[in-house]
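Here are my notes on the model you sent, set out as numbered points. They cover the ligand site, the packing and a few backbone details that deserve a look.

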Amino acid sequence: MINYVDVIYGLAWGDEGKGKISNAIAKDYDYVCRWNGGPNAGHTVYLDGKKYKTHIIPCGVFQNKKSIIGPGCVLHIKKFFDEIKYLSDNGFDTSLIKVHPNAHIISDEHIESDMKKLKGKLGTTGQGIGPCYSDKMMRCGVQAKKELDKKWLWEGDLDGNVLCEGAQSVWLDIDHGDYPFVTSSSTMPYSACSIGFSPKKIRSLIGVAKAYDTKSGVDPLFPETLWEDPTLNKIIELGQEFGSTTGRKRLVNWLNLDKLIQSIRLSGCTYLVINKCDVLEEIGVFKLYYKNRLVELDTMHEMETFIRDMLYPFDLKISFSGHKELITQ
Ligand code: IMP
Ligand code: MG
């Protein structure tokens, strides 16, 4: 029987550092599960000073926990096995990794169609995500149970304490994001239930944000003129804001607190982590948008106080975190 479920998800446009948080707390759970997306995601994790990257496999595997790819995910068989090999070559126990039989399979045709029709227009990651979900909804897709050997299929029930790990974020959500500049899945924490448990089991909703905003791919909310701002360019370099799937530079803007408040309201966050505060500290500039105006603060401490005051009505636990250090619960 499930004891409780905690959900980690992104409050902005992805790349907030969800993987870091998930890896930091995974040891306290029996299962770590993904509910959405596929190889478009990129999780970066540091273990004993070594950097690891995964795209589809949940971070639980780094902490020796059962790692489940849920029915709402999509995966490309070859990329999945490449990732399995990468993890087993690095000494991780890949027998912990299981795929729900109803997850959908990305074909090479899906990737081709994404590259041809979507990548240029929307700045997708070119991983075949949209076309695969499109076939799923048309009910002409192929499920994992048809393609994967039984040994990789998950047939059990969740049990004990469960951590769910979101991919992409609230503003990339198919229903709530700036459509069509969104991904093709539900990134909202309530969609974690699609893995197969009751919403009543959810204990904490751990929303992850960043001290500044970034966008990979196209979105009119991030005007091209941002590329010309020297301070924002410094943040790209210091914050290493390069796509972990595509290698593309991410467009940076100051934190939009109005959008953050809106995404907290929409998603029902109970625990907020704001990552990469040390990047702003390194450049010594502290700005954010509030009520559509750019507010400049003198120190990180002032910025933290400002954010805490504005978020006071939400009764959240808030943790401000650095680039490298890990938080614990
Ligand atoms: P797709 O998910 O590849 O179809 O891409 C759709 C949009 O979501 C594009 O703007 C991508 O840059 C963005 N996107 C998809 N996955 C991620 C991610 O993991 N981090 C950040 N942006 C993402
Ligand atoms: Mg990422």
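1. A polar side-chain atom of Asp15 sits 3.2 Å from a nitrogen atom of ligand 1. Two other side chains approach ligand oxygen atoms: a polar side-chain atom of Asn40 is 2.9 Å from one oxygen, and a polar side-chain atom of Thr183 is 2.6 Å from an oxygen of ligand 1. The ligand on its own would expose 470 Å², of which the protein buries 95%. Please bear in mind that this is a predicted model, and that these distances are computed from it.

2. The shell around ligand 1 holds 16 residues, and Asn40, Thr125, Thr183, Lys215 and Ser216 come nearest. By type, the shell divides into five nonpolar, eight polar and three charged residues.

3. Which elements surround helix H1? The buried residues of this helix pack against strands E1 (2-10), E2 (31-34), E3 (43-47), E9, E10 and E13 (271-275). H1 covers residues 18-25, and eight of its eight residues are buried, so the helix is largely enclosed by the rest of the structure. The buried set includes Lys18 and Lys20, along with Ser22 and Asn23.

4. Now the nonpolar packing. The largest nonpolar core has 59 residues, and Cys164, Leu272 and Leu280 have the most contacts inside it. A second core, separate from that one, has 23 residues, among them Val45, Ile57, Phe92 and Leu148. In soluble globular proteins, nonpolar side chains tend to be buried together.

5. Leu272 can be followed through its contacts. With neighbours within four places in sequence left aside, Leu272 is in contact with Leu11, Gly207, Ala209 and Ile264, and also with Leu311, Leu316, Lys317, Ile318 and Ser319.

6. Is Val99 buried or exposed? Val99 is buried, with a relative accessible area of 0%. This residue belongs to strand E7, residues 97-99. Beyond its neighbours within four places in sequence, Val99 is in contact with Ile69, Leu75, Phe80, Ala144, Leu148, Trp152, Leu153 and Trp154. One of these partners, Leu148, is 49 residues away along the chain, and the two C-alpha atoms are separated by 8.7 Å. Leu148 is also among the residues of the second core.

7. Three backbone details remain to be checked. Most residues other than glycine have a negative phi, and most peptide bonds are trans. The peptide bond from Tyr179 to Pro180 is cis, with omega near 5°. Pro180 lies in the loop that runs between strand E9 (160-169) and strand E10 (202-210).

8. Asn64 is not a glycine, yet has a positive phi of about 60°. Asn64 is placed in the loop between strand E4 (50-54) and strand E5 (66-69). With a relative accessible area of 53%, Asn64 is exposed.

9. Where does Gln240 lie? Gln240 is in the loop between helix H6 (230-238) and strand E12 (251-256). Gln240, likewise no glycine, has a positive phi of about 50°. Its relative accessibility is 47%, so Gln240 counts as partly exposed.

Methods. Residues numbered from 1 in each chain as written. Chains lettered and ligands numbered in written order. Predicted model: local features only at pLDDT ≥ 70, side-chain atom pairs only at ≥ 80, totals over all residues. Heavy atoms only, no water. Near = heavy atom within 4 Å. Polar contact = N/O pair within 3.5 Å; in protein donor to acceptor, adjacent residues only side chain to side chain. Areas by Shrake-Rupley, 256 points an atom, 1.4 Å probe, with all protein chains shown as cover. Nonpolar A, V, L, I, M, F, W, Y, C, P; charged D, E, K, R; others polar. Core = buried A, V, L, I, M, F, W, Y, C linked by side-chain atoms within 4.5 Å. Buried < 20%, exposed > 50% of the residue type's maximum accessible area, 1.4 Å probe, protein only. Contact = heavy atoms within 4.5 Å. Helix = DSSP H or I, 4+ residues; strand = E, 2+ residues; numbered from the N terminus.
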